[in-house]
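User: Please take a close look at one strand of this model and how it is placed. Then go on to the helix packing and the surroundings of the ligand.

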Amino acid sequence: MDLRLAKFNALLKSVKLPPGQLTLDDMFQLYYYSQDSPLSVELGTLQGLGAAILAINSDMVVTVDLFEDVESVDTPSREHYVSCLKTHPREYSVVSKYLAAFGNIQVIKNLSYLESSNFGTGSIHTLFVDADHSYEGVKKDLESYYQKVSRYFLLHDYYSGWPGVEEASVEFFLDKPVRFIEREFLHTSIQVVEKI
Ligand SMILES: C[S@@+](CC[C@H](N)C(=O)[O-])C[C@H]1O[C@@H](n2cnc3c(N)ncnc32)[C@H](O)[C@@H]1O
């Protein structure tokens, strides 16, 4: 194992993490690209794993999800998120209570793209895009948050099973001043995009 991953793995043993759908390599990306971040935002909380990792290095984390109101997803992936409520229960009250213990995580129940109006231009150092994985969902999230982000976009499931993530991202960033950072670790499905 890469020495940085091994050290990070050891660090994780000291943090009480909630369950989630991230590999060790994914978590390392969140940890690494939120260094010195005054504000990191996660779209798609699920049970809180991504937020908990971002909270290690960020001054403040805001995480947004529809939680039990996931019927409000307004794209073709609505059925997917409703059906996975059974396998991945995510009550707002339970998740927000759990994450409150971290002291620097704010949990918001809302449609991801609607919440963007509550952030100032350039106020978000790192944005973890992991809510609605359809082409339409990712496009809407990128359009509504682009001006709010000063540094990094972390695009989850860019390499795994959700073609809309790559399709929407490539199309959206085509004419923007950004660079796609080459993937360094094999077991991450996160693509990092940096504003330049
Ligand atoms: C893949 S999971 C997120 C995993 C999480 N980031 C983690 O670290 O374990 C996707 C989440 O996005 C939420 N979701 C899907 N579409 C959404 C939308 N448009 N607005 C807010 N939340 C949404 C779902 O309820 C689900 O909890």
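Analyst: In this predicted model, strand β5 spans residues 149-155, and 5 of its 7 residues are buried, so β5 is largely enclosed by the rest of the structure. Its pairing partner is strand β4, residues 124-129. The two strands run in the parallel sense and are joined over 5 bridges. Within this pairing, V129 stands opposite L155 of β5.

Next, the helix packing. Two packed helices are described by the angle between their axes and by the distance between those axes. For helix α1 (residues 3-12) and helix α2 (residues 24-32), the angle is about 85° and the axes lie 10 Å apart. Angles of 65 to 115 degrees count as roughly perpendicular, so α1 is roughly perpendicular to α2. On the α1 side the contact is made by L5, F8 and N9, and on the α2 side by L24, F28 and Y31. By class, this contact holds 5 nonpolar residues and 1 polar residue, with no charged residues.

That leaves the ligand. There are 22 residues around the ligand, and those that come nearest are G20, G44, L46, G50 and D132. Two elements give two or more residues each to this shell: helix α3 (49-57) and strand β2 (60-65). In terms of class, the shell divides into 10 nonpolar, 7 polar and 5 charged residues. The shell around the ligand thus includes charged residues, whereas the contact of α1 with α2 has none.

Notes: Residues are numbered from 1 along each chain as its sequence is written. This is a predicted model: local features need pLDDT of at least 70, side-chain atom pairs count only at pLDDT 80 or more; totals for chains, interfaces and linings use all residues. A residue is near a molecule or strand if its C-beta atom, placed from the backbone, lies within 6 Å of it. Helices (H or I, at least four residues) and strands (E, at least two) are DSSP runs, numbered from the N terminus. Ala, Val, Leu, Ile, Met, Phe, Trp, Tyr, Cys and Pro count as nonpolar, Asp, Glu, Lys and Arg as charged, and the others, Gly among them, as polar. Axes are lines fitted to C-alpha atoms, for helices over the stretch in contact, and angles run from 0 to 180 degrees between N-to-C directions. Angles under 35 degrees count as roughly parallel, over 145 as roughly antiparallel, 65 to 115 as roughly perpendicular and the rest as oblique. Two residues are in contact if their C-beta atoms, placed from the backbone, lie within 7 Å. A residue is buried if 20 or more other C-beta atoms lie within 10 Å of its own, exposed if 12 or fewer, and partly exposed in between; C-beta atoms are placed from the backbone. Two strands pair if DSSP finds at least two bridges between them.
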